[in-house]
Amino acid sequence: MCISGMVTPILWLLVIELLLSESFTQRAGDSLHLCPRVCICASDLLSCVSRSLSLVPPGLPVTATSLDLSHNNLHRLQDNWLAQLPRLHTLRVGHNRIHHISTAAFHNASQLAHLDLSSNKLHVVEKHFFQELTNLQELLLYNNQIVRVDSEALHRLSNMQKVYLSWNQLTDFPFSALQEGSLPQLKIMDISSNRLSSIPVDKVTALPQSIQNGLYLHNNPFTCDCSLYSMFLHWENNGFNSVHDFREEHTCLALRQPKAILRFLKHRKMFENCTLPYGLINMVDSSFRGVAGESLMISCNTSLQDAQTTYLWISPNRELITYTNSFNKTFKLYSNGSLEIRKAQKEHSGIYTCMANNKRLMRNESREVNVTVHYEKHDAEGFNTGLTTLLGCVVSLVLVLMYLYLTPCRCWCRPAQDPSLPNECSAQSSILSATPPCNDDTSRKASSGKHVVFLEPVKDSQNGKIRLAVSEEFPEIKNPKILQLKTDSDSTSSIFSDTSITQ
């Protein structure tokens with residue numbers, strides 16, 4: 001009885017435990033496949049693209065192997081933000097505003113193989129960024145604002161195969177970090193389209209052939225250098241992909257200016273028998289001034305004055321001037337290296353580069369010439385213009401003084417005049433006066449064909465309109481609004497009308 005009574009509660013406890021365990025297992029299974037509302041989940045893929053996210057959404061499914069958070073508004077990658085995704089293999093956070101990566105941002109993400117951080121706001125690649133990503137194979141950092149890469153930023157990344165650092169602002173790069181043994185599987189290191197003006201050629205040529213084959217350096221503002229040309233020529237002769245794929249983009253600045261671009265592997269004649277160790281172009285050697293519309297001769301003063309020396313020039317507009325193409329309307333290259341600019345214009349101003357090459361002596365030299373073209377100024381014209389301006393100022397001053405101090409006086413300087421009689425000529429006589437004006441001297445004779453009429457006083461006006469006092473000599477006029485004056489030529493005109501009336 002007692003035993004049977006004890007068995008029953010035990011059975012009930014076992015049943016309750018089984019039910020609870022099934023409930024927890026079901027909830028745990030649901031959490032494995034929980035998908036955030038702002039994302040799209042497909043099997044082990046998780047896409048949260050273009051959701052204007054400023055924070056990583058919580059509750060990401062732990063089964064995800066690929067997470068895409070690109071085209072959002074993320075600013076920072078916090079510590080341990082990937083701890084809940086132990087299976088993550090691919091992470092894309094490009095096209096955000098990320099400018100800071102915390103020390104433990106990639107903690108518990110050792111399975112990550114592909115990381116896309118392109119098109120963000122990163123300025124520096126620090127040592128701690130990727131030190132825990134030991135299985136990382138592909139790293140995309142292009143189109144950021146990176147100015148420096150720490151020399152140990154790629155250490156411990158023994159599985160790294162591709163690194164893209166193009167379209168940044170690098171002026172230097174730690175090529176020593178690419179030495180043999182540190183990145184044994186590296187195939188592509190893209191540092192193109194940065195701001196590298198020079199590189200340590202000796203260190204680069206000492207790198208393994210496999211790394212040199214995939215070291216992309218095109219579209220950098222390199223200063224034209226003989227050793228750099230030799231390295232690119234060696235890469236081309238060995239069929240390296242880095243040169244073969246972007247042959248035209250391997251350029252240098254012959255004048256240290258963006259306009260003076262030379263293509264290493266296209267303008268080979270400029271680099272034949274290259275002997276200058278620190279560059280082809282030095283400072284400006286001489287200057288020439290010319291007048292617009294006139295011819296200007298500039299010389300190439302080098303030490304290679306041998307008859308076997310050949311010359312070529314580079315214009316400020318990157319135009320290559322040789323013996324074959326110099327016989328045009330603008331330039332003419334002579335055998336002694338002098339260059340004639342025919343009918344020079346203002347746009348021909350700038351820095352011209354002369355390159356002299358002597359195959360017999362196995363030497364070449366270059367010179368820079370600064371050319372300034374200005375318009376002719378005539379001194380006489382300038383003097384006349386200044387004199388005219390000064391004269392105008394003096395005349396204006398005299399007129400002002402005359403106006404202020406020589407105005408006719410109304411009192412003592414005018415002689416006294418007898419007061420005019422009431423019926424004499426007066427300035428108050430007017431065509432609107434009711435009193436006829438006095439007779440002028442005998443020299444003034446009125447025409448016999450003209451008659452004068454006068455207006456009546458204002459008191460005889462009607463409705464605000466002035467009435468005319470019509471003489472008895474004009475009995476035919478009945479409408480006083482229009483008054484016609486007869487002349488000898490029998491033409492009439494109206495005093496109060498703008499339109500002439502002809503009979």
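1. The expected span of a helix is 1.5 Å times one less than its number of residues. Helix α4 covers residues 226–237, which is 12 residues, so its span should be 16 Å. The C-alpha atoms at its two ends lie 16 Å apart, so the helix agrees with the expected value. The model discussed here is a predicted one.

2. Which residues of α4 are buried? They are C226, L228, Y229, M231, F232 and W235. The buried residues of the helix pack against three other helices and two strands, namely α2 (201–205), α3 (209–213), α5 (241–244), β13 (215–216) and β14 (222–223). Just after α4 comes G239, whose phi is positive, at about 70°.

3. W235 of α4 also takes part in a ring pair. The ring centres of W235 and F240 are 6.2 Å apart and the planes meet at 50°. Planes under 30 degrees apart count as stacked and those over 60 as edge-to-face, so this pair is classed as tilted. W235 has a relative accessible area of 0% and is therefore buried. F240 has a relative accessibility of 6% and also counts as buried, because the limit is under 20%. Ring pairs join W235 and F240 with F222 and F232 in one cluster.

4. The model has 8 aromatic pairs in total. Another of them is formed by F173 and F175, with centres 5.2 Å apart and planes at 70°, so the pair is edge-to-face. F173 and F175 are both buried.

5. F222, a member of the ring cluster, is also a contact of T251. T251 sits in strand β15, which runs over residues 251–253. With a relative accessible area of 14%, T251 is buried. Apart from neighbours within four places in sequence, T251 touches N220, F222, I261, L262, R263 and F264.

6. How many residues make up the largest nonpolar core? The count is 73, and F106 and F130 have the most contacts inside this core. Helices α2 and α4 and strand β19 (310–314) each supply at least two of its residues. The most comes from α4, with 5 residues.

7. F106 can be looked at on its own. Leaving out neighbours within four places in sequence, F106 is in contact with L77, L82, L91, I101, L112, L115, F129, F130, E132 and L133. F130, also named above for its contacts in the core, is thus one of the residues that F106 touches. There is also a second, separate core of 19 residues, among them Y311, W313, L339 and A356.

Terms used:
Residues are numbered from 1 along each chain as its sequence is written. This is a predicted model: local features need pLDDT of at least 70, side-chain atom pairs count only at pLDDT 80 or more; totals for chains, interfaces and linings use all residues. Side-chain values use heavy atoms; hydrogens and water are left out. Rings of Phe, Tyr and Trp (its six-membered ring) pair if their centres lie within 6.5 Å; planes under 30 degrees apart count as stacked, over 60 as edge-to-face and the rest as tilted. Buried means under 20% relative accessible area, exposed over 50%, partly exposed in between (1.4 Å probe, protein chains only). Helices (H or I, at least four residues) and strands (E, at least two) are DSSP runs, numbered from the N terminus. Contact means heavy atoms within 4.5 Å. A nonpolar core is a set of buried Ala, Val, Leu, Ile, Met, Phe, Trp, Tyr and Cys residues joined through side-chain atoms within 4.5 Å.
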